[in-house]
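Please read this report alongside the sequence and the model. The headings mark the topics.

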Amino acid sequence: MSMHLPTSLRSCVLTSVAASPSRRSVITIASLALSYVIANAVPFFSDVQGLLGALTGAPIVFGWPALFFLTACHKNNVAVPRVDRLCCCVSLFLFFPLFTVLGVVNALKDIDLDWTHNGGPFSC
């Protein structure tokens, strides 16, 4: 049983699978170099987790559900009650940006505090 892929998808998939050894080597070395820089710039994994959580947590909790609800109602031509519209707007335009900014500020303060107490980046 063969699978028929669209031409553009087939070329992307097959090109990446059949990449030359030199291309794979460059990608591997670049990945290792980026990992080294990140690991030394933020020496504590909990700080990286905190920053990633701050950047992605609020959009997932406050942004996506309200956005998906409003988008689904719009696509299906369903009128959104005012209370629901108000809740979605508060979630999208108040909670989402507020908690994202507060979380990122707190994560950056934690990173700065760890740098102060344990040495700066690349000090190991």
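## Phe-95 and its aromatic neighbours

In this predicted model, Phe-95 has a relative accessible area of 31% and is therefore classed as partly exposed, since that class begins where buried, under 20%, ends. Phe-99 falls in the partly exposed class as well, at 36% relative accessibility. Both residues belong to helix α4, and because they sit four residues apart there, about one helical turn separates them.

The rings of Phe-95 and Phe-99 form a stacked aromatic pair, with 5.7 Å from centre to centre and 25° between the planes. Phe-62 joins Phe-95 and Phe-99 in one aromatic cluster.

## Thr-100 in helix α4

Helix α4 covers residues 82-118, and Thr-100 is part of this helix. Is Thr-100 buried or exposed? Its relative accessibility is 16%, so Thr-100 counts as buried, the limit being under 20%.

What does Thr-100 touch, apart from its neighbours within four places in sequence? The contacts are Ala-54, Ala-58, Pro-59 and Phe-95. Phe-95 thus appears in two settings: it is a contact of Thr-100, and it is a member of the aromatic cluster with Phe-62 and Phe-99.

## Helix α3 and a nonpolar patch

Helix α3 spans residues 45-75 and includes Leu-67. Trp-64 and Phe-68 also lie in helix α3, where they are four residues apart, or about one turn of the helix.

On the surface, Ile-60, Val-61, Trp-64, Leu-67 and Phe-68 make a nonpolar patch of about 520 Å². How accessible are its members? Leu-67 has a relative accessibility of 42% and so counts as partly exposed. Trp-64 is likewise partly exposed, at 45%. Phe-68 has a relative accessible area of 53%, which means that it is exposed, as the limit for that class is over 50%.

## Aromatic pairs

How many aromatic pairs does the count give? The count comes to four. One of them joins Trp-64 and Phe-68, whose rings are tilted, at 6.3 Å centre to centre with 35° between the planes. The angle explains the label: tilted is used because 35° is neither under 30 degrees nor over 60.

## Cysteines

The structure has zero disulfides. Cys-73 is not in a disulfide, and its nearest cysteine sulfur belongs to Cys-88, 7.8 Å away. Cys-87 is in no disulfide either; for this residue too the nearest cysteine sulfur is that of Cys-88, at 7.0 Å. These distances do not meet the disulfide limit, because that requires sulfur atoms within 2.5 Å.

Cys-73 has a relative accessible area of 10% and so is buried. Cys-87, with 48%, is partly exposed.

## The chain as a whole

The chain contains four helices and zero strands. Along the sequence, its pattern reads α-α-α-α. The chain has 124 residues, and 15% of them count as buried. Thr-100 and Cys-73 are in the buried class.

The accessible surface of the chain amounts to about 9,500 Å², and carbon and sulfur atoms account for 72% of that area. Where contacts link residues at least 6 apart in sequence, 76% of these contacts are between residues at least 24 apart.

Notes:
Residues are numbered from 1 along each chain as its sequence is written. This is a predicted model: local features need pLDDT of at least 70, side-chain atom pairs count only at pLDDT 80 or more; totals for chains, interfaces and linings use all residues. Side-chain values use heavy atoms; hydrogens and water are left out. Patches are made of residues with over 30% relative accessible area and no salt bridge: like charges are joined within 9 Å, nonpolar side chains (Val, Leu, Ile, Met, Phe, Trp, Tyr) within 5 Å. Accessible areas come from the Shrake-Rupley method with a 1.4 Å probe; for residues, only the protein chains shown count as cover. A salt bridge is a side-chain nitrogen of Lys or Arg within 4 Å of a carboxyl oxygen of Asp or Glu. Helices (H or I, at least four residues) and strands (E, at least two) are DSSP runs, numbered from the N terminus. Buried means under 20% relative accessible area, exposed over 50%, partly exposed in between (1.4 Å probe, protein chains only). Contact means heavy atoms within 4.5 Å. Rings of Phe, Tyr and Trp (its six-membered ring) pair if their centres lie within 6.5 Å; planes under 30 degrees apart count as stacked, over 60 as edge-to-face and the rest as tilted.
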